[in-house]
Amino acid sequence: MRVLIAGGGIGGLTLALMLHRSGIECLVLEAAPEIRPLGVGINILPHAVRELASLGLLPALDEIGLRTRALSYLNHRGQVIWTETRGLHAGHDVPQFSIHRGRLQDMLWRTARERLGERALRPDARVAAATEADGAVRVTLTNAAGNRETIAGDVLIGADGIHSTLRPLLLDADPPMRWNGIQMWRGALDWPAFGSGDEMIIAGNATAKLVFYPIGQPAAGAAGTRLTNWVVYARTGAEGTSPPARESWSRRGAWEEFAPLVAGFALPFVDIERLARTTREIFLYPMCDRDPLDRWTRGRITLLGDAAHAMYPVGSNGASQAILDARCLADRLAASADTPAALAAYEAERRPATAAVVRSNRVGGPERVIDLVAARAPDGFARIDDVARPDELEAIVRGYATLAGFAAPQPASGAP
């Protein structure tokens with residue numbers, strides 16, 4: 001069996017490593033001419049870290065990321081709404097990692113090159129067309145110079161992201177990008193460590209939210225700091241309208257664009273203006289997803305990751321769900337000689353699960369605890385128990401964790 005994988009992102013590369021472990025030949029076709037460490041911080045949750053650990057990648061993750069110890073939800077004044085331990089500290093058998101997306105992709109690419117060989121990874125190879133006949137898939141590739149080439153395989157996997165070129169070829173339609181009206185300003189920089197140096201903070205009110213957490217060790221000589229990811233996001237348009245621009249890893253933003261949105265914040269652990277003005281590159285993203293698909297698969301072709309189930313970046317689940325897709329698909333292909341049946345079984349397992357996460361993220365995911373408290377106590381509170389019951393907050397946070405498949409073995413700690 002020869003599996004062609006369109007897309008050398010986190011999901012596609014994880015799939016390649018898992019197929020290789022099962023003795024299945026594969027070829028990764030990456031549209032970009034070169035792999036560059038683009039993007040900012042993401043979280044890899046324990047259920048996905050467990051799959052990467054099974055590939056022997058835990059030491060590599062420790063080299064490029066940080067093990068997350070705790071997550072706290074705060075209001076805009078820094079008052080604690082809910083806090084909980086994460087990863088090993090919550091009773092999981094593996095950590096949660098906060099990590100730079102580009103560094104993770106680069107590590108996976110290098111690992112795949114070492115294990116599968118140079119010829120198994122092809123940059124500058126964009127899938128332009130695909131047809132299926134006589135038990136095989138024929139794929140037309142193009143490169144930056146405009147050259148075309150046709151290759152064949154037994155299976156084609158579209159792991160080519162939210163702007164997948166394979167999805168419309170497969171489905172004869174492409175559901176439009178769905179913008180919820182929220183813009184995100186994001187950056188990463190070496191910043192003084194706060195708390196224990198491994199904590200994740202989400203703070204906000206009805207106007208805007210800040211996500212703030214370390215994702216790696218600092219550059220040499222920057223003692224007492226961490227490579228730190230930050231996101232400010234707020235509603236700037238009407239839900240359901242067209243995105244203001246194409247979702248991209250490289251579109252730039254500026255402090256002046258979101259300064260009025262966080263003017264009322266008074267967080268004791270960070271000066272947001274100083275943070276933003278110190279950041280060399282601020283990136284701007286509209287918060288977009290796509291409606292869950294009615295199907296992912298046709299014969300010997302299927303989708304994986306954002307190409308199949310693009311979701312709002314709420315609850316730290318996008319990359320983790322792609323990794324879970326990869327494990328499920330690799331297992332199905334290894335277990336059955338009937339390739340179309342294996343792809344159908346993969347879709348039957350993963351499509352309902354990911355559709356549920358997409359829908360939950362649309363209503364705020366676990367961050368709804370901030371919205372609830374902002375609605376009831378917009379100016380802050382003396383005691384969180386006077387605003388929201390512990391079981392009410394727990395139902396939101398742990399309910400989401402259960403839905404997405406990473407609920408901690410022990411109860412969350414709740415507000416202090």
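## A walk through a predicted fold

Glu347 is a good place to start: this residue lies in helix α10, which covers residues 339-362. Helices here are DSSP runs of H or I with at least four residues, strands are E runs of at least two, and both are numbered from the N terminus. Before going on, keep in mind that this is a predicted model, where local features need pLDDT of at least 70, side-chain atom pairs count only at pLDDT 80 or more, and totals for chains, interfaces and linings use all residues. Residues are numbered from 1 along each chain as its sequence is written, and side-chain values use heavy atoms, with hydrogens and water left out.

Is Glu347 buried or exposed? Its relative accessibility is 10%, so Glu347 counts as buried; the cut-offs are under 20% relative accessible area for buried, over 50% for exposed, and partly exposed in between, using a 1.4 Å probe and protein chains only. The side chain of Glu347 makes a polar contact of 2.7 Å with the side chain of Thr297. A polar contact is a pair of N or O atoms within 3.5 Å; within protein, one must be able to donate a hydrogen and the other to accept it, and residues adjacent in sequence count only if both atoms are side-chain atoms. Setting aside neighbours within four places in sequence, Glu347 touches Asp294, Arg295, Trp296, Thr297 and Pro352, where contact means heavy atoms within 4.5 Å.

From Thr297, step along to Arg298, in the loop between β17 (283-289) and β18. Arg298 counts as partly exposed because its relative accessibility is 29%. A polar atom of the Arg298 side chain lies 3.0 Å from the backbone oxygen of Leu170. Beyond its neighbours within four places in sequence, Arg298 is in contact with Glu132, Leu169, Leu170 and Asp172.

Now look for the sheets. In what order do the strands of the open 5-stranded sheet stand? The order is β8-β2-β1-β12-β18, and the pairing is parallel. Two strands pair if DSSP finds at least two bridges between them. β8 (121-122) and β18 (301-303) each have a single partner strand, so one side of each edge strand is left without a neighbour in the sheet. Further in, β1 (residues 2-6) runs parallel to β12 (residues 155-158), joined by 4 bridges, and Ile5 has Ile157 as its bridge partner in β12. Helix α1 (residues 10-21) packs on this sheet, touching β1, β2 (25-29), β8 and β12, and its direction makes about 165° with that of β1. Such angles run from 0 to 180 degrees between N-to-C directions, with axes fitted to C-alpha atoms, for helices over the stretch in contact.

Another open sheet has 3 strands in the order β3-β7-β4, with antiparallel pairing. Here β3 (41-44) and β4 (65-67) are the edge strands with a single partner each, so one side of each lacks a neighbour in the sheet. From one strand to the next, the twist averages 25°. β4 pairs with β7 (residues 97-100) over 3 bridges, and Leu66 stands opposite Ser98 in β7. Helix α4 (residues 101-116) packs on the sheet by touching β3 and β7, with its direction at about 85° to that of β7.

For a hairpin, follow β9 (residues 126-133) into β10 (residues 136-142), two antiparallel strands joined by 7 bridges. There are 2 residues between these strands, and Asp134 in the turn has a positive phi of about 55°. Most residues other than glycine have a negative phi, which makes Asp134 worth a second look. Asp134 is exposed, because its relative accessibility is 81%.

Two helices show what burial looks like. In α2 (residues 46-54), the buried residues are Pro46, His47, Ala48, Val49, Glu51 and Leu52, and their cover includes α1, β3 and α12 (390-404). In α11 (residues 368-376), Val369, Ile370, Leu372, Val373 and Ala374 are buried; the buried residues of α11 pack against β5 (70-75), β6 (80-85), β14 (199-204), β15 (208-216) and α12.

Finally, turn to the rings. Trp185, Trp230, Trp255 and Phe258 are linked into a cluster by ring pairs. Rings of Phe, Tyr and Trp (its six-membered ring) pair if their centres lie within 6.5 Å; planes under 30 degrees apart count as stacked, over 60 as edge-to-face and the rest as tilted.
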